[in-house]
Amino acid sequence: MQADLSPVIAATAQWLTRAFPASGGALASALCEVQARQAVTVAAWLRYPTAMDAALVDVAGPGGSARLDWVTGVDASLGDDVDAHAWRTWVDEVVASWAASLLTDPELAARAVAALAEGSHSTGAPAEFRRLVAPDDGDQRAAALLRHPDLLAPVAELHHSQLLDRLHPGRTLIA
């Protein structure tokens, strides 16, 4: 099941870590990547909660990073080598937006991880999302850009309301 979403998770996490790189050396890069991957995994599992959802995105494709690149200003540095950036076609804009929201709001991240119990992604072993929901000082320093609310705001705001709707299904709208 999770293998079906692995290209989306890998590409979207890579996009996040390239757009908001780690502060420091190799250890900081690894810690930043783990946090991005955990946030993207939670977001992807929420966005595609069933095997059918995962299969459909596998067939149709997630859409790519074009709008995200434009919003963050990355598109100017891509160059003409299309093959070098083919992985960007597997970036899911909604998943990236939801992951950005989760990275900047620990309470929202905890609610999202709790909501995973409703989906079909459980493997029987408890998933570990500690670096997402309870980052320590080292995690925070390593991913200072990746967790900065002001920097991630343009990405997080793209689909933030859909994430809130997903986490609060059936809530009553007040006029």
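A helix here is a DSSP run of type H or I with at least four residues, and a strand is an E run of at least two, both numbered from the N terminus. With that in hand, let's walk through this predicted model. Following the sequence from start to end, the protein chain reads α-α-α-α-α-α-α-α-α-α. In other words, the protein chain has 10 helices and zero strands.

How do the parts of the chain meet one another? Among contacts in the protein chain with a separation of 6 or more, 82% are between residues 24 or more positions apart. As for burial, 39% of the 175 residues of the protein chain count as buried. The accessible surface of the protein chain is about 8,900 Å², and carbon and sulfur atoms hold 57% of that area.

Now let's turn to the charged side chains. The model has six salt bridges, counting a side-chain nitrogen of Lys or Arg within 4 Å of a carboxyl oxygen of Asp or Glu. One of them pairs D92 with R47, and the closest N and O atoms there are 3.9 Å apart. D92 sits in the loop between α4 (66-72) and α5 (93-104), while R47 belongs to helix α2 (residues 26-47), so this salt bridge ties together parts that lie 45 residues apart in sequence. The two partners have their own surroundings: D92 has 2% relative accessibility and therefore counts as buried, the cut-off being under 20%. R47, at 33% relative accessibility, counts as partly exposed.

The loop between α4 and α5 also takes part in another salt bridge, that of D69 with R88, whose closest N and O atoms are 2.9 Å apart. Here D69 lies in helix α4 and R88 in the loop, so the pair links parts 19 residues apart in sequence. Are these two residues buried or exposed? Both D69 and R88 are buried.

Further along the chain, please find D139 and R130, whose side chains meet in a salt bridge with an N to O distance of 3.6 Å. This pair has company, since R130, R131 and D139 are joined into one network by salt bridges that share partners. Within that network, D139 is buried, because its relative accessible area is 0% and the cut-off is under 20%. R130 has 32% relative accessibility, so R130 counts as partly exposed.

How values were computed. Residues numbered from 1 in each chain as written. Predicted model: local features only at pLDDT ≥ 70, side-chain atom pairs only at ≥ 80, totals over all residues. Heavy atoms only, no water. Buried < 20%, exposed > 50% of the residue type's maximum accessible area, 1.4 Å probe, protein only. Contact = heavy atoms within 4.5 Å. Areas by Shrake-Rupley, 256 points an atom, 1.4 Å probe, with all protein chains shown as cover.
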